[in-house]
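Biologist: Could you take a close look at one part of this model for me, the salt bridge, and then put that part in the setting of the whole chain?

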Amino acid sequence: MANNEKPVTTTTNAVKKETGKKLSFGERITKWWREMKSELKKVVWPTRKQVINNTGVSLVVMFSSAIVIWAFDEIAQLVVRAVITLAAG
């Protein structure tokens with residue numbers, strides 16, 4: 001079997017590295033700003049309904065966690081008081 005495949009070469013600017021050229025501070029800031037704007041255009045922003053739903057879920061989980069931690073704290077406090085009472089009495 002003969003291998004007739006040609007090697008794959010890429011010629012996009014994204015793959016090529018600039019050799020020997022160091023960008024100035026202003027050019028780096030400009031490049032960063034341009035790339036940031038480009039990336040933000042790719043973002044899929046959530047709808048208002050999704051934001052409200054996610055916020056509600058976050059608040060419920062936060063309050064539930066707070067109640068569980070409070071309950072464990074109260075139980076630990078009772079246990080410590082009982083141990084101190086037994087040790088003192």
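Modeller: Here's the salt bridge, followed by the rest of the chain. Keep in mind that this is a predicted model, where local features need pLDDT of at least 70, side-chain atom pairs count only at pLDDT 80 or more, and totals for chains, interfaces and linings use all residues. Residues are numbered from 1 along each chain as its sequence is written, and side-chain values use heavy atoms, with hydrogens and water left out.

The structure has 1 salt bridge, meaning a side-chain nitrogen of Lys or Arg within 4 Å of a carboxyl oxygen of Asp or Glu. Its partners are Glu39 and Lys42, whose closest N and O atoms sit 3.2 Å apart. Both belong to helix 1 (residues 25-42), and because they are 3 residues apart there, about one helical turn separates them. Helices here are DSSP runs of H or I with at least four residues, strands are E runs of at least two, and both are numbered from the N terminus. Glu39 is partly exposed at 46% relative accessibility, whereas Lys42 counts as exposed at 56%. The cut-offs are under 20% relative accessible area for buried, over 50% for exposed and in between for partly exposed (1.4 Å probe, protein chains only).

Now for the aromatics. A search of the whole structure turns up 1 aromatic pair. That's Trp32 with Trp33, tilted, at 5.9 Å centre to centre and 55 degrees between the planes. Rings of Phe, Tyr and Trp (its six-membered ring) pair if their centres lie within 6.5 Å; planes under 30 degrees apart are stacked, over 60 edge-to-face, and the rest tilted. Trp33 is partly exposed, with 47% relative accessibility.

Over in helix 2 (residues 48-88) you'll find Val79, partly exposed with a relative accessible area of 48%. Val79 joins Val68, Phe72, Ile75 and Val83 in a nonpolar surface patch of about 490 Å². Patch residues have over 30% relative accessible area and no salt bridge; like charges are joined within 9 Å, nonpolar side chains (Val, Leu, Ile, Met, Phe, Trp, Tyr) within 5 Å.

As for the chain overall, you get 2 helices and 0 strands, and 0% of the 89 residues are buried.

Conventions
Areas by Shrake-Rupley, 256 points an atom, 1.4 Å probe, with all protein chains shown as cover.
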